[in-house]
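Subject: Structure for you to look through

Dear colleague,

I am handing over the structure below, together with an account of what I found in it. Please keep it open beside this message as you read.

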Amino acid sequence: MKVAVMTAIGKIEYTEREIPQARDDEVLVKLEHVGICGSDVHYYETGRIGDYVVKPPFVLGHEAGGVVVEVGKNVKHLKSGDKVALEPGKTCGQCEFCREGKYNLCPDVIFFATPPVDGCFLEYVAHPASLCFKLPDNLNTMEGALIEPLAVGFHAAMQGRAKAGLTAAVFGSGCIGLCSMMALQACGISRTYQIDVVGKRLEKARELGADAGVESSVANGIDAISDLTGGRGCDLVVETSGSDAAAADAVRILRKGGTLVMVGYGKTGMVNFPMSLAMDKEISIETVFRYRHIFPMAIDAVAGGKASLKGIVTNVFDFDDIQSAMDKSVSEKASIVKSVVKIGG
């Protein structure tokens, strides 16, 4: 099979590897679409994210959708020809976090495209059947690939205890920001406001259902949110941009007793925001690390028309053009909301 390998920072080359064989509890999936995540861009551009350092050769890509072509002898719920979305993290199942159901916190997780584990910029992958979720007939494998970022958005919404009657704001209108906005709405949030420095991304947010977009580079976002909420502020704010300024403004636009959910990773891993104000308001601060038990919920939301994953995609690249896909993801961050690589299909 053909494999796209990151051989150095900013360089992709192709090689061939043997097609893997499915073990008894696995399925062999012919990948059709793989999304380019912000983490892929970070690894490609700088070679690291925090303590995770790439040592080439390395395969990027963890947002995957494809078609089952072979099933292990113990697999009963999937068959050849089924379209699936792949949850990319294999956990130990034995640690305290796995036993508590918080398997996203497993210290021994094996996660696609997280060093030293190779990712999915390749044609076939053998994966545990329990982590392959069948897609209904009205979803395609490109949507299947994007179930992964939508799962992050749903986890953020659940961490923030999103429900009907609440007003929320989302900082950042990249893929995760837009997925968070759609997840909030699917959970019943009454009004969602999107905040970003890039006007084009706010257009996409409004197109996908945001009640209003605030371009914070040309307007005072705090005043704008105050006007939109009648001076009350938001019940819930989800911060996906990783910006210190956004984190600080998130505290300012929250009402007293509100909830801040931190999703975005900044360049330094450190965040500065007005702690005294946060304490005066007695806000709750929640954080997000990937997701848990979310894929079925996310698939149902898309199948039921509550989230439009096709609407997020702005660029589709062929498998033979991954170098260009990654280069443009670095150089055209302001205009590219979500890129997907078409592996096959």
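Helix 5 is mostly covered, since nine of its twelve residues are buried, and please bear in mind throughout that this is a predicted model. The buried residues of helix 5 are Cys175, Gly177, Leu178, Cys179, Ser180, Met181, Met182, Ala183 and Leu184. What do these buried residues pack against? Their partners are two helices and three strands by name, namely helix 4 (147-159) and helix 6 (199-207), together with strand 12 (167-171), strand 13 (191-196) and strand 15 (234-239). The length of helix 5 can also be checked: because each residue should add 1.5 Å, the twelve residues from 175 to 186 should span 16 Å, and the C-alpha atoms at the two ends are indeed 16 Å apart, which agrees. After helix 5 comes Gly188, which has a positive phi, near 105°.

Helix 4, one of the elements that helix 5 packs against, also meets helix 10 (residues 295-303), and the axes of these two helices come within 9 Å and cross at roughly 105°. An angle from 65 to 115 degrees counts as roughly perpendicular, so helix 4 is roughly perpendicular to helix 10. On the side of helix 4 the contact is made by Ile147, Glu148, Leu150, Ala151, Phe154 and Met158, while helix 10 contributes Phe295, Met297, Ala298, Ile299, Ala301 and Val302. Sorted by class, the contact between helix 4 and helix 10 holds eleven nonpolar residues, one charged residue and no polar ones.

Some of these residues reappear when one looks at the nonpolar cores. The largest nonpolar core has 47 residues, and the members that touch the most others are Ile147, Leu150, Leu184, Leu309 and Ile312. Helix 4, strand 12, helix 5, strand 15 and helix 10 are the elements that give two or more residues to this core. Leu150 is a useful residue to select on your screen, for, leaving aside its neighbours within four places in sequence, Leu150 is in contact with Cys179, Ala298, Val302, Ala307 and Leu309. Apart from this core lies another, of 43 residues, and among its members are Val34, Cys120, Ala325 and Ile343.

A second pair of helices is worth following in the same way. The axes of helix 1 (residues 38-46) and helix 11 (residues 322-331) come within 10 Å and cross at roughly 95°, which means that helix 1 is roughly perpendicular to helix 11. Here Asp40, Val41, Tyr44 and Glu45 of helix 1 meet Gln323, Met326, Asp327, Ser329 and Val330 of helix 11. By class, this contact of helix 1 with helix 11 has four nonpolar, two polar and three charged residues.

Is Tyr44, which lies in helix 1, buried or exposed? Its relative accessibility is 2%, and because buried means under 20%, Tyr44 counts as buried. Leaving aside neighbours within four places in sequence, Tyr44 is in contact with Met6, Ile9, Gly10, Lys11, Ile12, Leu60, Gln323, Met326, Asp327 and Val330. Tyr44 and Val330 are 286 residues apart in sequence, yet their C-alpha atoms are 8.6 Å apart in space.

Glu96, found in helix 2 (residues 96-99), has a relative accessibility of 44% and therefore counts as partly exposed. Glu96 and Cys106 are ten residues apart in sequence, and from C-alpha to C-alpha they are 8.1 Å apart in space.

Finally, several details of the backbone deserve your attention. The peptide bond from Pro56 to Pro57 is cis, with omega near 5°, and Pro57 lies in the loop between strand 5 (52-53) and strand 6 (63-71). Pro115 and Pro116 are also joined by a cis peptide bond, with omega about 10°, and Pro116 lies in the loop between strand 9 (110-111) and strand 10 (124-128). In the loop between strand 17 (284-287) and helix 10 you will find Arg290, which has a positive phi of about 55° although it is not a glycine. His293 lies in the loop between strand 17 and helix 10 as well, and His293, though not a glycine, has a positive phi of about 55°. Arg290 is buried, with a relative accessible area of 18%, whereas His293, at 54% relative accessibility, counts as exposed.

With best wishes

Key. Residues are numbered from 1 along each chain as its sequence is written. This is a predicted model: local features need pLDDT of at least 70, side-chain atom pairs count only at pLDDT 80 or more; totals for chains, interfaces and linings use all residues. Side-chain values use heavy atoms; hydrogens and water are left out. Helices (H or I, at least four residues) and strands (E, at least two) are DSSP runs, numbered from the N terminus. The expected span of a helix is 1.5 Å times one less than its number of residues. Buried means under 20% relative accessible area, exposed over 50%, partly exposed in between (1.4 Å probe, protein chains only). Contact means heavy atoms within 4.5 Å. Axes are lines fitted to C-alpha atoms, for helices over the stretch in contact, and angles run from 0 to 180 degrees between N-to-C directions. Angles under 35 degrees count as roughly parallel, over 145 as roughly antiparallel, 65 to 115 as roughly perpendicular and the rest as oblique. Ala, Val, Leu, Ile, Met, Phe, Trp, Tyr, Cys and Pro count as nonpolar, Asp, Glu, Lys and Arg as charged, and the others, Gly among them, as polar. A nonpolar core is a set of buried Ala, Val, Leu, Ile, Met, Phe, Trp, Tyr and Cys residues joined through side-chain atoms within 4.5 Å.
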